[in-house]
Amino acid sequence: MIRALLLAIGQLSDPASRRVVWIGVLSAILAFALLAGAVWWALFHTALTGYAWVDGVLDVLGGLAVLLLAWVLFPATVGMVSSFFLDEVVQAVERRHYPQLPPPRQTGLGEELLTALRFFALVLLVNLFALPLYLMVPGLNLLIFYTANGYLLGREYFEMVAIRRMGRKEAGFLRRSSPLKPFLAGAVIAFLSTIPFVNLLVPVIASAFMVHIYHSMTGSMTRSDTGLPRREGP
């Protein structure tokens, strides 16, 4: 697993990987710049109370709120934008490290959109349910965070990679038959997501990382190994 992570980090030297990183970062910067501009215009052109000093304080607080919102949501926005381009990263990893593979099955825009929406909905849902536990169980909050997010991130990144080769049903079967590797990989991804600035690279690193995890689990598997029909081509 350490080797897979090092290979994934090394994948950042690939032009396709750097392109996805820049698309995500620049798109998030543009989105928050537009948001900040809209909030600034609304605050400084609207007299909320009629008292100049009160409106001045509200303007400053509103600006600080936008900055805080940008700081908290910026990595998530980068990840959301990047998720639509991660197939390029997966293809680059397979070209470099697994050139013997046949072409993957083609996934439509609808399936890719569904995968992205499922990912963010699950992350949001689990963290909302886990939030009281973060606050009520001091000392266990990190364990809860890494367990919940390790499972979710491992599941979604693994299935995102796997469905290109064997379809969603077979990908779920493979993950459930050997759950430890995807879970541990997800925990590593969750940890990287908590490191400032590194978290901006996480979508690309995580995708490349999970490609290696997936292929280490399949190896030379055949149809009889999984018990399910395996689809390698389009």
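1. A residue counts as buried when its relative accessible area is under 20%, as exposed when it is over 50%, and as partly exposed in between. Keep that cut-off in mind for the pair Glu94 and Arg165: both are buried. The structure is a predicted model.

2. Start with the overall make-up. The chain has nine helices and zero strands. Read from the N terminus, the order is α-α-α-α-α-α-α-α-α. The chain has 234 residues, and 41% of them count as buried.

3. Helix 6 deserves an early look. This helix covers residues 141-177, which is 37 residues. Its end C-alpha atoms are only 28 Å apart. A straight helix would reach 54 Å at 1.5 Å a residue. Where does helix 6 kink? The kink is centred on Met166 and comes to about 120°.

4. Helix 8 makes a useful contrast in the reading. It has 17 residues and spans 24 Å from its first C-alpha to its last. That is close to the 24 Å expected at 1.5 Å a residue. Helix 8 is also mostly covered, with 16 of its 17 residues buried. Just after helix 8 comes Gly219, which takes a positive phi of about 55°.

5. Now the charged pairs. Side chains of opposite charge can pair when their charged atoms come close. How many salt bridges does a search of the whole structure find? It finds seven. Three of them are taken up in the next points, beginning with Arg19 and Glu88.

6. The side chains of Arg19 and Glu88 form a salt bridge at 2.5 Å, N to O. The two partners sit in distant parts of the chain, 69 residues apart. Arg19 belongs to helix 2 (residues 15-44), and Glu88 to helix 4 (residues 86-97). Arg19 has a relative accessible area of 42%, so it is partly exposed. Glu88 is partly exposed as well, at 27%.

7. Arg164 and Asp87 also meet in a salt bridge, at 2.6 Å, N to O. This pair again links distant parts of the chain: Arg164 is in helix 6 and Asp87 in helix 4, 77 residues apart. Is Arg164 buried or exposed? Its relative accessible area is 4%, so Arg164 is buried. Asp87 has 27% relative accessibility and therefore counts as partly exposed.

8. The third pair is Glu94 with Arg165, joined by a salt bridge at 2.7 Å, N to O. Glu94 lies in helix 4 and Arg165 in helix 6, so the bridge ties together parts that are 71 residues apart in sequence. Both partners are buried. Which residues do shared partners join into one network? Asp87, Glu94, Arg164 and Arg165 are joined in this way by salt bridges.

9. Turn to the nonpolar interior. In soluble globular proteins, nonpolar side chains tend to be buried together. The largest nonpolar core here has 41 residues. Tyr157, Ile189, Phe209 and Met210 touch the most other members. At least two core residues come from each of helix 1 (2-10), helix 2, helix 3 (52-82), helix 4, helix 6, helix 7 (180-193) and helix 8 (202-218). Helix 8 gives the largest share, 11 residues.

10. Two buried residues are worth locating. Phe158 lies in helix 6. Its relative accessible area is 0%, so Phe158 is buried. The C-alpha atoms of Phe158 and Lys181 are separated by 9.7 Å, and the two residues are 23 apart along the chain. Pro203 is in helix 8. Pro203 has a relative accessible area of 7% and is therefore buried. Pro203 and Val78 are 8.3 Å apart, C-alpha to C-alpha, although 125 residues apart in sequence.

11. Last, the surface. Which residues form a nonpolar patch there? They are Tyr51, Trp53, Val57, Leu58, Val60, Leu61, Leu64 and Leu67. Together they have about 870 Å² of accessible area. One of them, Leu61, is found in helix 3. At 49% relative accessibility, Leu61 falls short of the cut-off of over 50% for exposed, so it counts as partly exposed.

Conventions: Residues numbered from 1 in each chain as written. Predicted model: local features only at pLDDT ≥ 70, side-chain atom pairs only at ≥ 80, totals over all residues. Heavy atoms only, no water. Helix = DSSP H or I, 4+ residues; strand = E, 2+ residues; numbered from the N terminus. Expected span 1.5 Å × (residues − 1). Bend = angle between axes of the 7 residues up to and from the residue. Salt bridge = Lys/Arg side-chain N within 4 Å of Asp/Glu carboxyl O. Buried < 20%, exposed > 50% of the residue type's maximum accessible area, 1.4 Å probe, protein only. Core = buried A, V, L, I, M, F, W, Y, C linked by side-chain atoms within 4.5 Å. Patch = residues over 30% accessible without salt bridge, like charges linked within 9 Å, V, L, I, M, F, W, Y side chains within 5 Å. Areas by Shrake-Rupley, 256 points an atom, 1.4 Å probe, with all protein chains shown as cover.
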